[in-house]
Amino acid sequence: MKYADLHPNIRIRIITDFFTDLTQKSIIPFMAIYLSVQIGAGLAGVLLTVNIVASMIVGLWAGYWSDRIGRKKLMVIAQILQVVALLCLAIANSPWMDSIIVTCLMFLLSSLSSGITVPIANAMIVDVSSEHERHYVYGLQYWTTNVAVTFGALMGGLFFESFRFLLFSLVCLESMATLFILVFMIQETMDKRVYNTTGQSKDSDPSNRLMEANAPIQRNILKTYWAVFQDKRFMIFFTATVLAVSLEFQLDKYIAVRLKSEFTAQLFGSDISGLHMFSLIIVINTVMVALVAIPFSRWIGRFPSRSIMTVGMLLYTAGFTALAFSNWAWLLILSAILLTIGELMYAPVRQLMLAGMIPDSDRAAYMAADGLSYNVAALIGSLGLTIGAFLPTYAMAGLYVLMGLGALVFFRMLLRKPEEQNEHLSCADAS
């Protein structure tokens with residue numbers, strides 16, 4: 001599998017998603033600090049929570065309508081909103097204007113734009129990729145996302161505090177370029193539907209019956225998502241994702257705080273603090289992903305999905321478990337390596353599983369519902385910091401083991417061999 005062999009939409013989306021992630025990660029992590037200084041930590045927390053909830057709601061709305069009116073239209077609308085938001089952010093933080101109110105409103109608009117784009121972009125990739133391509137595509141996407149996060153954080157660290165106007169201007173230009181690409185280069189990928197809004201066929205030609213069978217069920221948004229969350233296989237997958245991703249959200253919360261308060265050691269003859277060790281863990285993860293994600297994804301693609309998921313989740317869980325209690329520098333470094341390898345193994349398979357279980361008629365709706373799992377995981381990650389204030393480190397390590405093994409059990413339930421279940425995922429290669 002080569003990059004040039006992929007559908008043009010996928011090639012374009014991988015590039016534009018890289019720059020979109022770069023834009024978001026150069027702004028979002030630093031907005032909390034900026035807002036805390038400008039309006040106080042309490043109100044800043046409320047505004048950030050509103051942004052997350054609003055983005056989640058609009059993502060569900062976008063997933064529903066994308067399955068009915070098409071992907072491209074909504075993506076273009078979302079990108080126009082992003083351009084407007086970033087342009088106004090630049091103006092509101094320019095030498096000629098300094099408005100915290102406009103900044104807050106435009107930051108919300110930018111979050112809404114991202115909430116619309118993410119589930120639709122994910123559905124678009126599934127629309128035009130085959131099963132044998134997806135392992136490579138998701139591995140490549142995982143790599144570009146992590147590289148974008150790294151460079152975005154670097155850009156934000158360099159420019160956000162003292163050169164916000166320049167930063168917002170640069171990302172606005174990038175967003176304009178993305179809009180141009182979406183309008184003139186991206187093709188619509190949703191299957192053409194022949195149903196009108198009343199659910200009646202527009203064409204009685206028998207040749208269209210197959211297309212009619214693939215048309216989305218004409219139901220309102222509440223019934224659509226009720227049906228999604230009534231899907232037992234998807235809810236098993238949703239639960240597994242929440243448990244797995246919750247471990248990742250522990251890294252910059254409980255684990256970072258624990259290392260800061262408990263860890264001191266010598267490494268290569270130098271004293272290192274807990275914050276230094278936390279930074280080293282992040283660097284190890286980032287560098288490994290940047291260097292080995294693509295070739296590693298190609299290599300593991302030859303193995304059964306069930307085996308990859310099992311080994312990956314065990315390594316991932318072991319890494320986070322050690323980080324929860326150990327103060328031995330070399331074990332922490334080894335743990336960072338193990339959890340990164342585990343994530344490189346399980347994350348693409350998780351995406352394959354999702355792509356294989358969702359019905360064609362509600363792809364974007366399922367992708368939007370999947371996005372909720374990350375919001376739930378983020379909440380659990382925050383709760384982990386609170387719980388960790390009352391539990392000893394070995395108890396937190398035990399919780400991490402239970403979460404990781406729970407995720408593995410649920411994922412393996414969905415990756416059982418065909419002879420072991422009546423219904424199985426089409427993406428499972430568990431021979």
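Hi everyone, let me start with one residue: Arg302 counts as exposed, at 60% relative accessibility. Exposed here means over 50% relative accessible area, buried means under 20%, and partly exposed is in between, using a 1.4 Å probe and protein chains only. Arg302 sits in the loop between α11 and α12. Its C-alpha atom is 9.9 Å from that of His135, although the two residues are 167 apart along the chain.

A quick word on the model. It is predicted, so local features need pLDDT of at least 70 and side-chain atom pairs count only at pLDDT 80 or more, while totals for chains, interfaces and linings use all residues. Residues are numbered from 1 along each chain as its sequence is written, and side-chain values use heavy atoms, with hydrogens and water left out.

Now the overall picture. The chain has 15 helices and four strands; these are DSSP runs, with helices being H or I over at least four residues and strands E over at least two, numbered from the N terminus. Of the 431 residues in the chain, 50% are buried. The accessible surface is about 20,000 Å², and carbon and sulfur atoms account for 68% of that; the areas come from the Shrake-Rupley method with a 1.4 Å probe. If we take contacts between residues at least 6 apart in sequence, 81% join residues at least 24 apart. A contact, by the way, means heavy atoms within 4.5 Å.

Let's go back to helix α11, which covers residues 274-300 and holds Val292. Its neighbour in our story, Ala293, is found in α11 too. Which of these is buried? Ala293 counts as buried, at 2% relative accessibility, whereas Val292 is partly exposed at 31%. Leaving out residues up to four places away in sequence, Ala293 touches Trp143, Met288 and Leu344, and Val292 touches Ser297 and Leu344. Val292 and Leu344 are 52 residues apart in sequence, with 9.0 Å between their C-alpha atoms. For Ala293 and Thr144, the C-alpha distance is 9.4 Å across 149 residues of sequence.

Next, a helix pair. How do α12 and α15 pack? Helix α12 (residues 305-325) and helix α15 (residues 393-414) meet at an angle of about 170 degrees, with axes 8 Å apart. The axes are lines fitted to C-alpha atoms over the stretch in contact, and the angles run from 0 to 180 degrees between N-to-C directions. The two helices are therefore roughly antiparallel, a label for angles over 145 degrees; under 35 is roughly parallel, 65 to 115 roughly perpendicular, and the rest oblique. The residues of this contact divide into 15 nonpolar, five polar and two charged. Nonpolar covers Ala, Val, Leu, Ile, Met, Phe, Trp, Tyr, Cys and Pro; charged covers Asp, Glu, Lys and Arg; the others, Gly among them, are polar.

One residue to look at in α12 is Phe320. Phe320 is buried, at 1% relative accessibility. Beyond residues up to four places away in sequence, its contacts include Leu247, Leu251 and Tyr400.

Last, the cysteines. How many disulfides are there? A search of the whole structure finds zero, a disulfide being a pair of cysteine sulfur atoms within 2.5 Å. Take Cys88: the closest cysteine sulfur, in Cys172, is 8.8 Å from its own, too far for a bond. Cys88 is partly exposed, with a relative accessible area of 26%. Thanks for listening!
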